Amino acid sequence: MSTNETAPPADWLTPDEDHTWRAYLRMVTAVQVGVAQDLAALGLSEPDYEVLSTLSEREDGTSTLHEQAAKMGWSRSRLSRHASRMEARELIRRAPDPTDGRGCLLVLTSAGWDVLRDAAPSHVTSVRRHFVDRLSREELATLGRIAQKLSAGR
């Protein structure tokens with residue numbers, strides 16, 4: 001936009017909308033920080049756990065770097081750097097992608113499986129403590145519908 005053009009007027013949030021928006025941000029932060037701290041005590045980051053758990057859901061424990069990056073909302077280069085750190089810890093390994101000469105596959109290693117199996121019970125306990133057990137069934141159902149609505153098409 002040039003300096004001669006004026007921006008359309010902002011449709012400012014009402015006090016109730018602003019309160020709800022800020023409460024949402026505080027909620028997401030509180031839950032993520034709590035779960036992240038609990039994972040850190042196990043020697044894992046949230047992205048570590050996301051990669052390990054996603055790969056474990058695949059029959060062969062394998063996903064393309066591209067698919068994993070899209071699922072996490074990360075760029076391929078960001079995930080590639082993170083995957084290098086996980087690979088150095090022998091949680092995953094990379095393999096050539098036979099369908100994409102420029103891409104690679106992320107493969108869950110036996111050490112990665114072991115770490116995930118050990119961490120999963122504590123992670124579930126953490127998610128329950130910071131999120132699930134703090135809401136009623138109705139609140140969980142409502143929040144699930146809202147999350148589905150807001151994430152549709154992403």
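Here is a short chat about how some labels in this predicted model come about.

User: Why is Ser63 called buried?

Analyst: Ser63 has 3% relative accessibility. Buried means under 20%, so Ser63 gets that label. You'll find Ser63 in strand E1, residues 62–64.

User: Which residues does Ser63 touch, leaving aside those up to four places away in sequence?

Analyst: Those would be Leu55, Arg58, Gln68, Cys104, Leu105 and Leu106.

User: What makes the pair Ser63 and Glu67 a polar contact?

Analyst: Their side chains are joined at 3.4 Å. The cut-off is a pair of N or O atoms within 3.5 Å, one able to donate a hydrogen and the other to accept it, so the pair counts as a polar contact.

User: How do you know that the buried residues of H3 line one face of the helix?

Analyst: The buried ones in helix H3, residues 65–72, are Leu65, Gln68, Ala69 and Met72. Looking down the axis of H3, they fall within an arc of 100°, so they sit along one face. As a bit of background, an α-helix has 3.6 residues a turn, so residues three or four places apart point the same way.

User: What covers those buried residues of H3?

Analyst: The cover includes helix H2 (46–56), strand E1, helix H4 (76–88) and strand E3 (104–108). And right after H3 comes Gly73, with a positive phi near 75°.

User: Why is Leu44 called buried?

Analyst: Leu44 comes out at 4% relative accessibility. Since the label needs a value under 20%, Leu44 counts as buried. Leu44 lies in the loop between H1 and H2. Not counting residues up to four places away in sequence, Leu44 touches Leu39, Tyr49, Leu52, Arg89, Leu91, Val115 and Ala119.

User: Why is Tyr24 called partly exposed?

Analyst: Tyr24, in helix H1 (residues 15–40), has 39% relative accessibility. Buried means under 20% and exposed over 50%, with partly exposed in between, so Tyr24 takes the middle label. Tyr24 also belongs to a nonpolar surface patch with Leu13, Trp21, Leu25 and Met27, and together they have about 470 Å² of accessible area.

User: And what makes Gln148 exposed?

Analyst: Gln148 reaches 56% relative accessibility. Exposed means over 50%, so the label fits Gln148. Gln148 is part of helix H6, residues 137–151.

User: How many residues apart along the chain are Gln148 and Cys104?

Analyst: They're 44 residues apart, and their C-alpha atoms are separated by 30 Å.

Technical notes:
Residues are numbered from 1 along each chain as its sequence is written. This is a predicted model: local features need pLDDT of at least 70, side-chain atom pairs count only at pLDDT 80 or more; totals for chains, interfaces and linings use all residues. Side-chain values use heavy atoms; hydrogens and water are left out. Helices (H or I, at least four residues) and strands (E, at least two) are DSSP runs, numbered from the N terminus. Buried means under 20% relative accessible area, exposed over 50%, partly exposed in between (1.4 Å probe, protein chains only). Contact means heavy atoms within 4.5 Å. The arc is that of the directions from the helix axis to the C-beta atoms. Patches are made of residues with over 30% relative accessible area and no salt bridge: like charges are joined within 9 Å, nonpolar side chains (Val, Leu, Ile, Met, Phe, Trp, Tyr) within 5 Å. Accessible areas come from the Shrake-Rupley method with a 1.4 Å probe; for residues, only the protein chains shown count as cover. A salt bridge is a side-chain nitrogen of Lys or Arg within 4 Å of a carboxyl oxygen of Asp or Glu.
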